[in-house]
Amino acid sequence: AYSHLTGHMPVNPLFRWLCKSACQNKHKVFFWLLLQDRISTRELLRRRHMHLPSYHCACCTIGSEETLSHLFFTCPFAQACWIRANLIVSESDPFLALGEIKEQLHYSFFMEIIILLCWSIWMQRNDFIFKGIQPSPNSCITNFKKEFALVILRAKSRHKVAMSERLEAFV
């Protein structure tokens, strides 16, 4: 709702947490686009009148349209990736799903985990579309761990031990 006191719309806290995260700028820009529904999913390309052979999700075989919500939260592939990270996502609305994930992560660095797991799902999807590499939850988590290890190097020193322990907890 528009605030008459401040003269602007209230900002979802996810945007503030995004700015404060230790992720690389490419991850922050990606996630900002995700929050704005500006990631080039097949559904967005269809809305922009781009003709594709199929608008179905590339990561699963259930024949759902590749929407932002489907690709990152309700797709069986995405669900398997979240489960591998010991997270359960039942919401389909991106903001509610992200809030649900945050509630399960009792870390000050929850945002880095969310951003990098979404990034890893996106990279699996793109590797399949552009390189023909079959997506798998194992390779998604492997990519996540590699990216998260790099973020630990950029993180504030007080978070590094907990972040390293969380990284080692991934099977």
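Gly63 is partly exposed, its relative accessible area being 38%, and its place is in the loop between helix 3 and helix 4. This is a predicted model, in which the C-alpha atoms of Gly63 and Gln134 lie 17 Å apart in space although 71 residues separate the two in sequence. His49 belongs to that loop between helix 3 and helix 4 as well, and at 75% relative accessibility His49 counts as exposed.

The backbone of His49 deserves a remark, since phi of His49 is positive, at about 65 degrees, although the residue is not a glycine. Asp37, in the loop between helix 2 and helix 3 (42-47), is another residue other than glycine with a positive phi, in this case near 55 degrees. With 23% relative accessibility, Asp37 counts as partly exposed. As background, most residues other than glycine have a negative phi.

The interior can be approached through its aromatic rings, of which the structure holds nine pairs. A pair of aromatic rings is described by the distance of the centres and the angle of the planes. Two pairs that involve Phe30 are set out below.

| Pair | Centre to centre | Angle between the planes | Arrangement |
|---|---|---|---|
| Phe30 and Phe72 | 6.1 Å | 65 degrees | edge-to-face |
| Phe30 and Trp119 | 5.4 Å | 85 degrees | edge-to-face |

Because Phe30 lies in helix 2 (residues 25-35) and Phe72 in helix 4 (residues 68-74), the first of these pairs ties together parts that are 42 residues apart in sequence. The pair with Trp119 reaches into helix 7 (residues 110-131), and so it ties together parts that are 89 residues apart in sequence. Phe30 counts as buried at 5% relative accessibility, Phe72 counts as buried at 0%, and Trp119, like Phe30, is buried. Beyond these two pairs, ring pairs link Phe30, Phe72, Phe73, Trp82, Trp119 and Trp122 into a cluster.

The surroundings of Phe72 show how this residue is placed among other parts of the chain. When its neighbours within four places in sequence are left aside, Phe72 is in contact with Phe30, Leu34, Ala78, Trp82, Cys118, Ile121 and Trp122. A ring in another setting is that of Phe110, over whose face Lys102 lies, at 5.0 Å from the ring centre.

In soluble globular proteins, nonpolar side chains tend to be buried together. Here the largest nonpolar core has 51 residues, and those that touch the most other members are Phe30, Phe31, Phe72, Trp82, Ile101 and Phe148. At least two residues of this core come from each of helix 1 (13-20), helix 2, helix 4, helix 5 (76-84), helix 6 (94-104), helix 7, helix 8 (137-154) and helix 9 (157-169). Helix 7 gives the most to this core, its share being 11 residues.

Leu117 is found in helix 7 and is buried, with a relative accessible area of 0%. Not counting residues up to four places away in sequence, Leu117 touches Cys81, Trp82, Ala85, Cys140, Ile141 and Phe144. By contrast with these contacts, the C-alpha atoms of Leu117 and Leu35, which stand 82 residues apart along the chain, are separated by 14 Å.

A histidine is also found in the interior: His27, in helix 2, counts as buried at 0% relative accessibility. Its contacts, once neighbours within four places in sequence are set aside, are Ile115, Leu116, Trp119 and Glu147. Trp119 thus appears twice in this account, as a contact of His27 and as a ring partner of Phe30.

The last feature is the largest pocket, which has a volume of about 250 Å³. The pocket is lined by 15 residues, and the closest to its centre are Lys20, Ser21, Glu112, Lys156 and His159. Helix 1, helix 7 and helix 9 are the elements that give two or more residues to this lining. Helix 7 therefore takes part in the lining of the pocket, while it also gives the most residues to the largest nonpolar core.

Definitions and conventions: Residues numbered from 1 in each chain as written. Predicted model: local features only at pLDDT ≥ 70, side-chain atom pairs only at ≥ 80, totals over all residues. Heavy atoms only, no water. Phe/Tyr/Trp six-rings, centres within 6.5 Å; stacked < 30°, edge-to-face > 60°. Helix = DSSP H or I, 4+ residues; strand = E, 2+ residues; numbered from the N terminus. Buried < 20%, exposed > 50% of the residue type's maximum accessible area, 1.4 Å probe, protein only. Lys NZ or Arg CZ within 6 Å of the ring centre and 35° of its normal. Core = buried A, V, L, I, M, F, W, Y, C linked by side-chain atoms within 4.5 Å. Contact = heavy atoms within 4.5 Å. 1 Å grid on protein atoms, 1.4 Å probe; cavity = no way out; pocket = protein on both sides within 12 Å on 5 of 7 lines; lining within 4 Å. Points joined across faces, edges and corners; volume = space filled by probe spheres on them.
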